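Here is a short set of exercises to work through with the viewer open. Try each task yourself before reading its solution.

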Amino acid sequence: MGNSSSGGPTVERIDIDGSCPYCGASALERYPVLSEGGWYMVTKCQECLASIDRAPWNELGYVTRERETL
């Protein structure tokens, strides 16, 4: 995470090949999000904001413990 030009935090997003099964747009991106169940890596359409995929990510998000890196 870094700082955007507006001073707020940013998240690195990865462009995903393919199109949205809901709206047909080819604007899919994968990035981490924090929700009620913890951190998840999601793939979302950036046009209609449909969730295409969601999988558990690091327990503490961007913070990794030594035992997770071994």
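Is P21 buried or exposed? Keep in mind that this is a predicted model.

**Exercise 1. Place P21 and judge its surroundings.**

Start with the location: P21 sits in the loop between β3 and β4. Now look at the surface: P21 has a relative accessible area of 62%. The cut-off for exposed is over 50%, so P21 is exposed. To finish, pick a distant residue in sequence, C45: 24 residues separate P21 and C45 along the chain, and their C-alpha atoms are 9.2 Å apart.

**Exercise 2. Write down the fold as a string of elements, then describe the sheet.**

Step one is the count: the protein chain has 6 strands and 1 helix. Step two is the order along the sequence, which reads β-β-β-β-β-β-α.

Step three is the sheet. Here 4 strands line up as β3-β4-β5-β6, in an open sheet with antiparallel pairing. The edges are β3 (14-16) and β6 (51-56), each of which pairs on one side only. Ignoring direction, neighbouring strands of this sheet are turned by 35° against each other on average.

**Exercise 3. Walk across the sheet, pair by pair, and find a pair of facing residues at each step.**

- Begin with β3 and β4 (residues 28-35): 3 bridges hold this antiparallel pair. In it, I16 stands opposite L28 of β4.
- Move on to β4 and β5: this antiparallel pairing runs over 8 bridges. L28 turns up again, now opposite C45 in β5. The connection from β4 to β5 is a hairpin through 2 residues.
- End with β5 (residues 38-45) and β6, an antiparallel pair with 5 bridges. T43 faces D53 in β6, and Y40 has P56 of β6 as its bridge partner. The hairpin of β5 and β6 has 5 residues between the strands, and L49 takes a positive phi near 65° there.

**Exercise 4. Work out the environment of T43.**

First, place the residue: T43 belongs to strand β5. Second, check its accessibility: T43 has a relative accessible area of 7% and is therefore buried. Third, list what surrounds it, leaving out residues up to four places away in sequence. T43 touches I16, L28, E29, R30, A50, S51, I52 and D53. That list includes D53, the residue opposite T43 in β6.

**Exercise 5. How many disulfides are there in the whole structure, and why is C20 not in one?**

A search of the whole structure turns up 0 disulfides. Take C20 and look for the closest cysteine sulfur: it belongs to C48, at 3.7 Å. A disulfide needs the two sulfurs within 2.5 Å, so the C20 sulfur is too far from that of C48 for a bond. Seen from the other side, C48 is in no disulfide, with the sulfur of C20 as the nearest cysteine sulfur.

Now compare the accessibility of the two cysteines. C20 is buried at 4%, whereas C48 is partly exposed at 35%.

**Exercise 6. Which residues make up the largest nonpolar core?**

As background, nonpolar side chains tend to be buried together in soluble globular proteins. In this chain, the largest nonpolar core has 5 residues: C20, A25, L28, C45 and A50. Next, take A25 and skip its neighbours within four places in sequence: A25 is in contact with G18, S19, C20, C45 and E47. Two core members, C20 and C45, are on that list.

Then zoom out to the whole chain. Buried residues account for 20% of its 70 residues. The accessible surface comes to about 5,100 Å², with 49% belonging to carbon and sulfur atoms. Among contacts with a separation of 6 or more, 17% link residues 24 or more positions apart.

**Exercise 7. Where does N58 lie, and what does N58 touch?**

N58 is in the loop between β6 and α1 (66-69). At 27% relative accessibility, N58 counts as partly exposed. Not counting residues up to four places away in sequence, N58 touches W39 and T64. For a distance check, use Y40: N58 and Y40 are 18 residues apart along the chain, with 7.6 Å between their C-alpha atoms.

Notes
Residues numbered from 1 in each chain as written. Predicted model: local features only at pLDDT ≥ 70, side-chain atom pairs only at ≥ 80, totals over all residues. Heavy atoms only, no water. Buried < 20%, exposed > 50% of the residue type's maximum accessible area, 1.4 Å probe, protein only. Contact = heavy atoms within 4.5 Å. Areas by Shrake-Rupley, 256 points an atom, 1.4 Å probe, with all protein chains shown as cover. Pairing = 2+ DSSP bridges. Axes fitted to C-alpha atoms, helices over the stretch in contact; angles between N-to-C directions. Core = buried A, V, L, I, M, F, W, Y, C linked by side-chain atoms within 4.5 Å.
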